[in-house]
Amino acid sequence: MQTIHAQILATGDELTTGTLVDSNSAYMAEQLEMMGVSVRRHVTVGDDMDDLVRALKDIGEQADVALVTGGLGPTMDDLSAEAAAKAAGVDLELDEEALAWIEALFKSVGRNLGRNLGESNRKQAYFPQGSVRLDNPVGTAPGFSLIIGKCRFFFMPGVPREMKLMLADQVIPRIEEMLEDVTISGMRTICTYGMPEARVGELIADVADGEPGMKIGLRASFPVIQVKIYARAESKMGVERILDEGTDKILDRLKNNVFSVGGRNMEEVVGLMLKDEKATLAVAESCTGGQIAHWLTSVPGSSEYFVMSAVTYANTAKETMLNVSRKTLLKYGAVHEETAKAMAEGARQIAKTTYGISTSGVAGPAGGDEEKPVGTVCIALATPDDTFVYRFHSPFGERDRNIKIFAMNALDVLRRHLQGLPPPSWAREYKP
């Protein structure tokens, strides 16, 4: 039994210069790993013919499968088809069906944009001899598949929307045909929050010991730490056994800091629990400036449980919109447990929801003092039975990082309450 090894090549000066971030390669690598293909290397090459040809020949000697994005358009710096032909030692030839598709597209769309087909766009219908065209239903640049050396290459557009559709509909099915009689692999993502990456790494360092088919990796996506379990075996059942074994060990080590198994983010997890409970939520934010609401409403179907968000930045807004008393604000100020408590309760009462959560703090980089330094936040959770209030101090001085960690802490407080778990370790509960 053997494993299929893949490499990914991203092309374009915009990537080598840093003008654009290469999100395509990360997406493709994840899709390949999930289907059991081992990704060995990522390569980025600018718009230079000689560099591209060398890279294609190099990959052709090393990999079984290669995914290439970019360089299929009509401009002079779109070099992928010509470079592939040179690397394979063949000529380019016109594909009449591709040309007819491009011409039809320009007749229906190009006319409205005031553009003619032009010779440059005809370029997109030329492919290396012996290649297989990959149709592009949402763009003018078709892709193609070609063998160079011992490797099967798949060339796709660099536009993410076009690449993802072509990958799913035309590339992955072809790769699946290559997976017969090879080692099966799989991946599982466990999401954690509440511990630094180094501590997570220490706790799970020996999880894969004694299991040659398992590999553990960490990925920090602030403020979440993802644990990736990679498994290889000769059967799907064997892969599942390894993934389950690794999952059980990690859950035992990281305990309540794990909020999802399978890669769901915090807002999805919280949303599913609210939906299951048939509960609703209102949010009152000050220092987080709408971050919590943004995360929650990014989840499709969140209207089933998310009712309202009030970004009450000024004290007058807290008073008029959330019914926080002027007496409370004058006595305690904006950043205080009593104020956060009144905000959460006010949001819940006004929106008539099951729960209300609030944040009020000092995100920085200025505005703190000795009693309430930058990084201080008060978080309250109002429930049908009681209101719980906590104070947290972030070690970060950067505003953006503090806003994210404040918002994540608020969601984690709600998540733990919904699961019947104790508050997070950082939480200092307020008792007036």
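A residue is called partly exposed when its relative accessible area lies between the buried class, under 20%, and the exposed class, over 50%. D206, with a relative accessibility of 39%, therefore counts as partly exposed in this predicted model. This residue makes a good starting point for a tour of the charged side chains, once the overall fold has been introduced.

The protein chain contains 15 helices and 18 strands, and its C-alpha trace spans about 80 × 60 × 40 Å along the principal axes. Of the 432 residues in the chain, 52% are buried. Contacts between residues 24 or more positions apart make up 68% of those with a separation of 6 or more. About 20400 Å² of the chain is exposed, and carbon and sulfur atoms supply 49% of that area.

Turning to charge, the chain carries 46 positive and 59 negative charges, whose mean positions are 6 Å apart. On the surface, D13, E14, D48, D50 and D77 gather in a patch of negative charge. One member of this patch, D77, sits in the loop between β3 (65–69) and α4 (80–88); its relative accessibility of 36% places D77 in the partly exposed class.

Side chains of opposite charge can pair when their charged atoms come close. Across the whole structure, 21 salt bridges are found. Among them is the bridge between D206 and R253, with an N to O distance of 2.8 Å. This pair links distant parts of the chain, as D206 lies in the loop between α8 (197–203) and β10 (214–221) while R253 belongs to helix α9 (residues 236–254), 47 residues apart. Like D206, which is partly exposed, R253 is partly exposed, at 29% relative accessibility.

A pairing within a helix is provided by D51 and R54, whose side chains meet in a salt bridge at 2.5 Å, N to O. Both residues belong to helix α3 (residues 49–62), and because they are three residues apart there, about one helical turn separates them. D51 is partly exposed at 32% relative accessibility, whereas R54, at 52%, counts as exposed.

K255 and D252 form a further salt bridge, in which the closest N and O atoms are 3.9 Å apart. The distance falls inside the 4 Å limit, so the pair qualifies as a salt bridge. Here K255 is exposed, with 53% relative accessibility, and D252 is partly exposed, with a relative accessible area of 49%. Finally, salt bridges also join into a network, which links D95, E97, R133 and D135.

How values were computed: Residues numbered from 1 in each chain as written. Predicted model: local features only at pLDDT ≥ 70, side-chain atom pairs only at ≥ 80, totals over all residues. Heavy atoms only, no water. Helix = DSSP H or I, 4+ residues; strand = E, 2+ residues; numbered from the N terminus. Buried < 20%, exposed > 50% of the residue type's maximum accessible area, 1.4 Å probe, protein only. Contact = heavy atoms within 4.5 Å. Areas by Shrake-Rupley, 256 points an atom, 1.4 Å probe, with all protein chains shown as cover. Lys, Arg positive; Asp, Glu negative; His and termini not counted. Charge placed at Lys NZ, Arg CZ, Asp CG, Glu CD. Patch = residues over 30% accessible without salt bridge, like charges linked within 9 Å, V, L, I, M, F, W, Y side chains within 5 Å.
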